[in-house]
There are 6 protein chains.
Amino acid sequence: MTIALYPGTFDPIHNGHIDIATRAAALFDEVVLGIFNNQKMKNVLFSPEEREALAKQAVMHLPNVRVMTYGGLTVDFAHAIGADTLVRGLRAVSDFEWELQMALTNRALASDVEMVCLMADQEWVFLSSTIVKEVAGVGGNVQNMVPPATAQALEAYFGHS
Amino acid sequence: MTIALYPGTFDPIHNGHIDIATRAAALFDEVVLGIFNNQKMKNVLFSPEEREALAKQAVMHLPNVRVMTYGGLTVDFAHAIGADTLVRGLRAVSDFEWELQMALTNRALASDVEMVCLMADQEWVFLSSTIVKEVAGVGGNVQNMVPPATAQALEAYFGHS
Amino acid sequence: MTIALYPGTFDPIHNGHIDIATRAAALFDEVVLGIFNNQKMKNVLFSPEEREALAKQAVMHLPNVRVMTYGGLTVDFAHAIGADTLVRGLRAVSDFEWELQMALTNRALASDVEMVCLMADQEWVFLSSTIVKEVAGVGGNVQNMVPPATAQALEAYFGHS
Amino acid sequence: MTIALYPGTFDPIHNGHIDIATRAAALFDEVVLGIFNNQKMKNVLFSPEEREALAKQAVMHLPNVRVMTYGGLTVDFAHAIGADTLVRGLRAVSDFEWELQMALTNRALASDVEMVCLMADQEWVFLSSTIVKEVAGVGGNVQNMVPPATAQALEAYFGHS
Amino acid sequence: MTIALYPGTFDPIHNGHIDIATRAAALFDEVVLGIFNNQKMKNVLFSPEEREALAKQAVMHLPNVRVMTYGGLTVDFAHAIGADTLVRGLRAVSDFEWELQMALTNRALASDVEMVCLMADQEWVFLSSTIVKEVAGVGGNVQNMVPPATAQALEAYFGHS
Amino acid sequence: MTIALYPGTFDPIHNGHIDIATRAAALFDEVVLGIFNNQKMKNVLFSPEEREALAKQAVMHLPNVRVMTYGGLTVDFAHAIGADTLVRGLRAVSDFEWELQMALTNRALASDVEMVCLMADQEWVFLSSTIVKEVAGVGGNVQNMVPPATAQALEAYFGHS
């Protein structure tokens with residue numbers, strides 16, 4: 001059985017993430033959506049618990065996708081859950097640079113974990129959690145960018161009605 | 001009458017901004033240079049009042065350019081002032097990525113607001129507020145990058161004589 | 001009256017071009033879609049006459065857009081038709097580099113002609129004439145990428161039924 | 001059984017290609033290395049037969065990789081061989097732009113074919129058939145870039161001893 | 001005698017830095033590895049004293065490389081030590097943008113200081129202090145990325161054994 | 001004595017090339033501007049003899065710069081003339097990708113030849129031989145982009161008076 005790890009901050013999960021998770025779920029037997037948590041992380045809007053809850057709700061219709069939170073090295077977590085593949089979603093160019101850097105670093109740390117990049121639907125190719133937070137932060141409507149529960153959580157956080 | 005909104009942080013306004021504002025003023029009947037303000041903004045050097053004052057002094061020779069401060073969504077502000085066009089200045093590549101992302105997001109939020117990108121003079125094509133602050137922050141001379149009032153404000157802030 | 005020139009090779013015109021022409025037609029009093037022709041051009045599929053005919057059919061619903069063919073320097077043609085603005089459509093990053101280079105060159109040649117970049121709808125942001133020809137060249141269906149007359153012309157050229 | 005198509009020109013196959021094919025062979029039950037052929041292709045050094053022969057020799061140690069030549073649309077060939085995944089190797093940034101464009105185009109043409117991008121080993125991340133041909137074309141040693149049979153074919157072509 | 005300044009934050013020094021310093025030491029009579037320090041710097045892990053000590057240990061085998069700490073404008077420090085050349089290491093694309101911006105700014109501030117870019121070995125071309133800190137911060141092994149003293153300092157900082 | 005090779009096609013030499021050659025002449029004892037020639041080269045406007053003559057005239061005021069034509073591998077030519085450094089001029093981003101690729105390839109072929117990148121003046125940072133030929137090819141004025149002899153040669157070639 002092939003297990004794939006789809007790691008990220010997911011602060012918060014948006015439609016592009018869900019699109020990638022859906023594609024990964026069709027390619028692999030089991031997909032673990034891994035929410036990275038680190039005490040030293042700054043600029044994170046939602047707590048690990050909140051991010052996990054929002055992600056769980058967003059992918060609950062995908063039977064072979066589980067949501068877990070982890071600290072430490074991504075490749076160590078991959079080993080711990082028996083995953084031999086890391087899934088990443090590609091978006092814009094600047095993204096790609098960083099992905100390449102991370103891929104080569106991860107490979108140096110654990111050559112047995114393969115990295116697989118998937119491309120989200122064109123509709124989400126420019127979407128990012130940063131954009132979602134920027135728009136929600138000034139009262140903009142993000143209902144076409146995130147699932148309902150995330151939209152609600154963003155509204156609650158920013159205090160717009 | 002066509003009204004165009006030229007939005008930004010303008011922290012502080014520099015010669016590249018003034019160049020774009022001048023070009024926009026030639027293309028549109030009226031240009032509003034909109035200074036974005038948000039309580040949650042970090043890493044901003046000057047207060048909204050200071051940024052507005054510096055911008056006003058920098059474009060006072062352009063009769064059809066007004067300076068205003070706004071919060072909230074950029075497209076909402078555009079609607080509020082009757083602007084059907086957003087003006088943006090293009091510089092380097094990384095910039096472009098972000099512009100494309102913002103353009104598509106704004107269009108998703110308000111399809112009636114067009115985005116128009118102008119290119120600053122070659123002299124300013126690599127200039128940014130970040131560079132200006134870095135140079136001024138270590139006592140460098142920024143008189144060829146910003147108007148006199150901004151140079152003075154930066155000197156006052158960083159305490160160099 | 002403001003006249004804008006939208007120059008290009010248009011080999012052949014596709015939906016992204018039409019999108020930009022439509023946006024330009026809303027911003028300017030008159031738009032000239034200028035088809036560049038040069039005896040020395042290689043790798044062009046359609047003759048200038050064919051490209052002009054396809055473009056005319058594609059924008060005939062836009063009353064203030066005219067199609068013309070020109071040789072020589074783009075800024076000279078702009079002067080000849082009284083246009084003080086060049087319109088360009090932005091797509092991907094590599095594109096942007098070239099646009100910046102052309103914009104700065106054109107400005108060095110004729111500083112009175114402003115360059116304005118518009119962004120096509122997200123649906124067309126990755127579309128190019130090269131892609132259209134590649135797909136059509138191997139018998140792929142391009143009906144969602146180009147107007148019907150262009151699709152027909154491509155089919156006739158490549159001999160697929 | 002999952003079948004993946006790894007399409008390309010392979011003119012000629014080099015170590016980066018073999019690296020990607022090896023990674024794909026570990027992820028999928030069967031991999032078809034599809035050599036694209038088109039009468040209208042220019043700038044191709046080797047005939048389809050030569051490219052196929054070189055590729056076959058290069059991957060003969062990978063039991064679940066087959067080499068085939070195809071014309072027409074890549075997604076049509078994928079359908080014909082029962083492949084539901086396209087494999088692509090990512091290298092440099094300019095590459096990525098084009099991949100994204102192709103991925104979105106292929107998806108528009110056949111939404112049931114998924115695109116999966118793999119990253120070659122750092123050693124090959126900047127290698128390309130163009131570089132190989134440039135070096136070999138001026139008598140440079142390419143033995144660290146391509147398998148022995150390809151090196152020999154390049155020497156035979158360029159007439160260096 | 002030609003003196004070159006190799007400026008940076010070096011937080012902390014890694015193998016890519018050492019590679020560049022080694023290449024610079026072969027090109028110039030004397031190289032000063034200048035550690036930038038600024039009271040206002042945030043997000044710096046190590047104090048200027050620690051960064052200087054780690055750098056000194058890392059390049060002590062290079063007889064014509066000295067390590068110094070400086071504040072203020074880089075070009076002013078270059079003048080103060082008699083350096084007419086700035087050395088920079090190039091890595092990824094996003095890097096390059098910023099280098100170009102800094103190069104043009106430095107040139108505007110002091111046209112007598114030349115900027116020379118060197119490329120690190122392919123092995124380090126994607127390495128950065130940010131990556132090193134990210135990996136070390138979650139307990140990953142960085143012994144193949146940094147010299148032993150730096151690895152030890154990172155372990156001490158992050159409290160992993 | 002340090003000898004540096006500044007290789008290129010120089011088809012034709014333009015002000016950006018001369019700027020880089022001037023900077024290299026200040027850094028190294030001797031600079032060889034090496035004009036690459038290859039029977040198989042297409043899309044070259046001027047013959048090797050013409051390119052050499054134009055380059056010689058353009059750098060004759062730089063006493064330590066010689067112009068030579070070469071075929072074969074660039075690093076072999078560097079060895080032949082005793083050069084241990086390759087000089088390259090950096091311009092735009094897409095350029096950089098290719099430079100990185102070439103630098104790593106050259107290093108793989110001859111690790112004793114160092115690559116040094118210099119940045120041209122901002123005025124020339126977007127200039128290229130391609131742009132020069134495009135502008136001259138349609139009768140545009142290139143006198144601000146190339147030295148007088150090159151301008152004359154382009155006029156003679158394109159038959160404009």
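In this predicted model, chain A has a mean pLDDT (the predictor's confidence in each residue, from 0 to 100) of 89, and 91% of its residues reach 70 or more. For the complex, the predictor gives an ipTM of 0.87 and a pTM of 0.88. Residues are numbered from 1 along each chain as its sequence is written, and chains are lettered from A in the order in which they are written. Because the model is predicted, local features need pLDDT of at least 70 and side-chain atom pairs count only at pLDDT 80 or more, while side-chain values use heavy atoms, without hydrogens and water.

A good place to begin is chain D. Its helix α3 spans residues 74-81 (helices are DSSP runs of H or I with at least four residues, and strands are runs of E with at least two, numbered from the N terminus). Here T74(D), V75(D), F77(D), A78(D) and I81(D) are buried, meaning under 20% relative accessible area with a 1.4 Å probe and protein chains only. These residues lie on the same side of α3(D), because they cover an arc of only 155° around the axis, taken from the directions from the helix axis to the C-beta atoms. After α3(D) comes G82(D), with a positive phi near 75°.

In chain A, A103(A) sits in helix α4 (residues 93-109) and is buried, at a relative accessible area of 4%. Leaving aside residues up to four places away in sequence, A103(A) touches M115(A) and M119(D), where contact means heavy atoms within 4.5 Å.

Chain C offers H14(C), in the loop between β1 (3-8) and α1 (15-27). H14(C) is buried, with a relative accessible area of 2%.

Methods. Buried means under 20% relative accessible area, exposed over 50%, partly exposed in between (1.4 Å probe, protein chains only).
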